[in-house]
Amino acid sequence: MLLANINQSMVMINAYLLDFGKMLACTPSQAGWHCIPSLVPTLQLLFLWLCYFSVWVSWFIYYRREFGPTREWRILANSFYVFCAYVVISVVGLGAADAAQGHCKHWIVALARFFGIFSTGIGIIEWTPQIMTTWRLQGPGSLSLWMLGLQCPGSMIIFIYFTFILHEDITTTIGYFFSSIQQVIILGICAYYGIFARKRNYTALQEKD
(Lines give C-alpha, C1' and ligand atoms only; values in the text may rest on other atoms or scores of the structure.)
Protein backbone atom coordinates (compact mmCIF):
# COMPACT_ATOMS: atom_id res chain seq x y z
CA MET A 1 0.00 0.00 0.00
CA LEU A 2 2.93 2.34 0.59
CA LEU A 3 4.11 2.02 -3.03
CA ALA A 4 0.56 2.35 -4.35
CA ASN A 5 0.02 5.55 -2.36
CA ILE A 6 3.36 7.02 -3.44
CA ASN A 7 2.55 6.15 -7.04
CA GLN A 8 -0.93 7.70 -7.04
CA SER A 9 0.06 10.77 -5.02
CA MET A 10 3.02 11.59 -7.28
CA VAL A 11 0.98 11.40 -10.47
CA MET A 12 -1.71 13.52 -8.80
CA ILE A 13 0.88 16.16 -7.84
CA ASN A 14 2.29 15.95 -11.37
CA ALA A 15 -1.10 16.85 -12.88
CA TYR A 16 -1.71 19.47 -10.18
CA LEU A 17 1.52 21.33 -10.95
CA LEU A 18 1.27 21.08 -14.74
CA ASP A 19 -2.36 22.26 -14.72
CA PHE A 20 -1.91 24.88 -11.99
CA GLY A 21 -1.83 27.72 -14.51
CA LYS A 22 -5.14 26.61 -15.99
CA MET A 23 -6.69 26.45 -12.54
CA LEU A 24 -5.48 29.95 -11.69
CA ALA A 25 -6.94 31.23 -14.96
CA CYS A 26 -10.33 29.87 -13.91
CA THR A 27 -11.64 33.05 -12.30
CA PRO A 28 -14.98 33.34 -10.44
CA SER A 29 -16.51 34.97 -13.53
CA GLN A 30 -15.69 31.81 -15.48
CA ALA A 31 -17.05 29.43 -12.87
CA GLY A 32 -19.19 26.55 -14.02
CA TRP A 33 -18.76 24.43 -17.11
CA HIS A 34 -15.84 26.53 -18.40
CA CYS A 35 -13.72 25.49 -15.43
CA ILE A 36 -14.37 21.76 -15.59
CA PRO A 37 -11.73 20.89 -18.25
CA SER A 38 -9.08 22.58 -16.10
CA LEU A 39 -10.09 20.77 -12.91
CA VAL A 40 -10.99 17.30 -14.19
CA PRO A 41 -7.48 15.72 -14.37
CA THR A 42 -6.40 16.82 -10.89
CA LEU A 43 -9.75 16.01 -9.28
CA GLN A 44 -9.95 12.56 -10.88
CA LEU A 45 -6.41 11.68 -9.84
CA LEU A 46 -7.08 13.10 -6.37
CA PHE A 47 -10.12 10.83 -6.04
CA LEU A 48 -8.10 7.78 -7.14
CA TRP A 49 -5.38 8.55 -4.61
CA LEU A 50 -7.93 9.09 -1.81
CA CYS A 51 -9.31 5.59 -2.51
CA TYR A 52 -5.84 4.08 -1.99
CA PHE A 53 -5.23 6.32 1.01
CA SER A 54 -8.49 5.31 2.72
CA VAL A 55 -7.55 1.62 2.36
CA TRP A 56 -4.15 2.37 3.89
CA VAL A 57 -5.71 4.21 6.84
CA SER A 58 -8.18 1.36 7.36
CA TRP A 59 -5.30 -1.12 7.42
CA PHE A 60 -3.51 0.89 10.12
CA ILE A 61 -6.61 1.02 12.29
CA TYR A 62 -7.35 -2.70 11.86
CA TYR A 63 -3.75 -3.83 12.38
CA ARG A 64 -3.33 -1.85 15.64
CA ARG A 65 -6.69 -3.04 16.92
CA GLU A 66 -5.90 -6.70 16.22
CA PHE A 67 -2.16 -6.94 17.00
CA GLY A 68 -1.36 -3.82 19.01
CA PRO A 69 1.47 -1.34 18.41
CA THR A 70 4.10 -3.87 17.30
CA ARG A 71 7.55 -2.90 16.02
CA GLU A 72 6.39 -3.43 12.43
CA TRP A 73 3.37 -1.24 13.00
CA ARG A 74 5.51 1.57 14.46
CA ILE A 75 7.88 1.48 11.47
CA LEU A 76 4.98 1.64 9.04
CA ALA A 77 3.30 4.33 11.11
CA ASN A 78 6.42 6.49 10.88
CA SER A 79 6.49 5.99 7.11
CA PHE A 80 2.81 6.97 7.04
CA TYR A 81 3.52 10.23 8.89
CA VAL A 82 6.45 11.02 6.59
CA PHE A 83 4.27 10.31 3.57
CA CYS A 84 1.53 12.65 4.82
CA ALA A 85 4.10 15.40 5.42
CA TYR A 86 5.49 14.92 1.91
CA VAL A 87 2.01 15.27 0.34
CA VAL A 88 1.16 18.41 2.33
CA ILE A 89 4.53 20.06 1.63
CA SER A 90 4.37 19.16 -2.06
CA VAL A 91 0.83 20.39 -2.63
CA VAL A 92 1.04 23.56 -0.51
CA GLY A 93 4.70 24.45 -1.03
CA LEU A 94 4.99 23.72 -4.74
CA GLY A 95 1.55 25.19 -5.41
CA ALA A 96 2.60 28.42 -3.69
CA ALA A 97 5.86 28.45 -5.66
CA ASP A 98 3.96 27.86 -8.87
CA ALA A 99 1.61 30.75 -8.12
CA ALA A 100 4.42 33.11 -7.04
CA GLN A 101 6.98 32.38 -9.74
CA GLY A 102 4.71 31.59 -12.66
CA HIS A 103 3.43 28.36 -14.15
CA CYS A 104 6.04 28.30 -16.92
CA LYS A 105 8.97 28.40 -14.53
CA HIS A 106 11.31 25.75 -15.88
CA TRP A 107 12.23 24.05 -12.59
CA ILE A 108 8.57 23.63 -11.58
CA VAL A 109 7.66 21.96 -14.88
CA ALA A 110 10.80 19.79 -14.71
CA LEU A 111 9.97 18.76 -11.14
CA ALA A 112 6.38 17.94 -12.08
CA ARG A 113 7.58 15.75 -14.95
CA PHE A 114 10.08 14.07 -12.64
CA PHE A 115 7.19 13.23 -10.30
CA GLY A 116 5.33 11.67 -13.23
CA ILE A 117 8.32 9.63 -14.45
CA PHE A 118 9.18 8.50 -10.92
CA SER A 119 5.56 7.49 -10.38
CA THR A 120 5.72 5.36 -13.54
CA GLY A 121 8.83 3.61 -12.23
CA ILE A 122 7.16 2.91 -8.89
CA GLY A 123 4.12 1.53 -10.69
CA ILE A 124 6.29 -0.92 -12.63
CA ILE A 125 8.05 -1.98 -9.42
CA GLU A 126 4.68 -2.31 -7.69
CA TRP A 127 3.23 -4.79 -10.20
CA THR A 128 6.37 -6.80 -11.10
CA PRO A 129 6.41 -8.92 -7.88
CA GLN A 130 2.73 -9.74 -8.44
CA ILE A 131 3.50 -10.96 -11.98
CA MET A 132 6.27 -13.20 -10.65
CA THR A 133 4.09 -14.50 -7.79
CA THR A 134 1.20 -15.26 -10.14
CA TRP A 135 3.54 -17.16 -12.46
CA ARG A 136 5.03 -19.12 -9.55
CA LEU A 137 1.64 -19.99 -8.06
CA GLN A 138 0.19 -20.73 -11.49
CA GLY A 139 -2.92 -18.82 -10.46
CA PRO A 140 -4.14 -15.60 -8.86
CA GLY A 141 -3.66 -16.72 -5.25
CA SER A 142 -5.32 -14.11 -3.02
CA LEU A 143 -5.51 -11.58 -5.88
CA SER A 144 -9.06 -10.63 -6.86
CA LEU A 145 -9.57 -11.26 -10.58
CA TRP A 146 -12.78 -9.21 -10.47
CA MET A 147 -10.83 -6.23 -9.15
CA LEU A 148 -8.09 -6.74 -11.73
CA GLY A 149 -10.62 -7.18 -14.52
CA LEU A 150 -12.09 -3.77 -13.67
CA GLN A 151 -8.78 -2.04 -12.99
CA CYS A 152 -7.08 -3.15 -16.22
CA PRO A 153 -9.48 -1.51 -18.72
CA GLY A 154 -9.90 1.39 -16.29
CA SER A 155 -6.18 2.16 -16.43
CA MET A 156 -6.20 2.06 -20.23
CA ILE A 157 -9.30 4.28 -20.38
CA ILE A 158 -7.58 6.82 -18.12
CA PHE A 159 -4.50 6.74 -20.37
CA ILE A 160 -6.53 7.28 -23.57
CA TYR A 161 -8.86 9.87 -22.03
CA PHE A 162 -6.12 11.95 -20.42
CA THR A 163 -3.69 11.70 -23.35
CA PHE A 164 -5.90 12.11 -26.41
CA ILE A 165 -8.97 13.98 -25.12
CA LEU A 166 -7.70 16.17 -22.28
CA HIS A 167 -4.20 16.41 -23.85
CA GLU A 168 -2.41 16.00 -20.55
CA ASP A 169 1.38 15.70 -20.42
CA ILE A 170 2.65 12.21 -21.27
CA THR A 171 4.43 12.02 -17.90
CA THR A 172 0.99 12.18 -16.25
CA THR A 173 -0.53 9.36 -18.28
CA ILE A 174 2.19 6.89 -19.26
CA GLY A 175 2.14 5.16 -15.86
CA TYR A 176 -1.47 4.05 -16.45
CA PHE A 177 -0.48 2.57 -19.81
CA PHE A 178 2.27 0.44 -18.25
CA SER A 179 0.00 -0.56 -15.34
CA SER A 180 -2.65 -1.73 -17.80
CA ILE A 181 -0.07 -3.80 -19.73
CA GLN A 182 1.18 -5.44 -16.53
CA GLN A 183 -2.39 -6.20 -15.44
CA VAL A 184 -3.07 -7.79 -18.85
CA ILE A 185 0.01 -9.99 -18.30
CA ILE A 186 -1.33 -11.14 -14.90
CA LEU A 187 -4.77 -11.86 -16.36
CA GLY A 188 -3.12 -13.71 -19.25
CA ILE A 189 -1.12 -15.88 -16.85
CA CYS A 190 -4.25 -16.69 -14.85
CA ALA A 191 -6.21 -17.47 -18.03
CA TYR A 192 -3.42 -19.69 -19.36
CA TYR A 193 -3.07 -21.74 -16.20
CA GLY A 194 -6.84 -21.84 -15.73
CA ILE A 195 -7.36 -23.31 -19.20
CA PHE A 196 -4.36 -25.62 -18.75
CA ALA A 197 -5.72 -26.86 -15.40
CA ARG A 198 -9.16 -27.57 -16.88
CA LYS A 199 -7.63 -29.50 -19.77
CA ARG A 200 -5.48 -31.46 -17.33
CA ASN A 201 -8.48 -32.33 -15.15
CA TYR A 202 -10.50 -33.28 -18.22
CA THR A 203 -7.71 -35.57 -19.43
CA ALA A 204 -7.45 -37.18 -15.98
CA LEU A 205 -11.20 -37.88 -15.95
CA GLN A 206 -11.02 -39.47 -19.40
CA GLU A 207 -8.17 -41.72 -18.30
CA LYS A 208 -10.21 -42.89 -15.28
CA ASP A 209 -13.16 -43.68 -17.50
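Which element gives the largest share of the lining of the largest pocket? α7 does, with six residues. The model is predicted, and this report covers two pockets and two loop residues.

## The largest pocket

The volume of the largest pocket is about 410 Å³. Its lining counts 25 residues. Nearest the centre lie Gln-8, Leu-48, Tyr-52, Gln-151 and Tyr-176.

Several helices build this wall. Those giving two or more residues are α1 (2-18), α3 (36-67), α5 (106-137), α6 (145-165) and α7 (170-208). The share from α7, six residues, is the largest. By residue class, the lining holds 13 polar residues, 11 nonpolar ones and one charged one.

## The second largest pocket

The second largest pocket has a volume of about 260 Å³. Its lining consists of Tyr-52, Glu-126, Trp-127, Pro-129, Gln-130, Ser-142, Leu-143, Ser-144, Met-147 and Gln-151. Two or more of these residues come from each of α5 and α6. The most come from α5, which gives four.

How do the residues of this lining divide into nonpolar, polar and charged? Five are nonpolar, four are polar and one is charged.

## Residues named in both pockets

Tyr-52 and Gln-151 link the two descriptions. Both are among the residues nearest the centre of the largest pocket. Both also line the second largest pocket. The helices α5 and α6 recur as well. Each gives two or more residues to the lining of the largest pocket, and each does so for the second largest pocket.

## Positive phi in two loops

Gln-138 sits in the loop between α5 and α6. Its phi is near 60°, a positive value in a residue other than glycine. Is Gln-138 buried or partly exposed? Gln-138 is partly exposed, at a relative accessible area of 42%.

His-167 belongs to the loop between α6 and α7. Here phi is near 55°, again positive in a residue that is not glycine. The relative accessible area of His-167 is 60%, so the residue counts as exposed; the cut-off for exposed is over 50%.

## Summary

Two pockets have been described, with volumes of about 410 Å³ for the largest and about 260 Å³ for the second largest. α7 leads the lining of the largest pocket, while α5 leads that of the second largest. Positive phi values occur at Gln-138 and at His-167.

How values were computed. Residues are numbered from 1 along each chain as its sequence is written. This is a predicted model: local features need pLDDT of at least 70, side-chain atom pairs count only at pLDDT 80 or more; totals for chains, interfaces and linings use all residues. Side-chain values use heavy atoms; hydrogens and water are left out. On a 1 Å grid over the protein atoms alone, a cavity is a set of points where a 1.4 Å probe fits but cannot get out, and a pocket is an open set with protein on both sides within 12 Å along at least five of seven lines; lining residues have an atom within 4 Å of a point. Grid points are joined across faces, edges and corners, and a volume is the space filled by probe spheres set on the points. Ala, Val, Leu, Ile, Met, Phe, Trp, Tyr, Cys and Pro count as nonpolar, Asp, Glu, Lys and Arg as charged, and the others, Gly among them, as polar. Buried means under 20% relative accessible area, exposed over 50%, partly exposed in between (1.4 Å probe, protein chains only).
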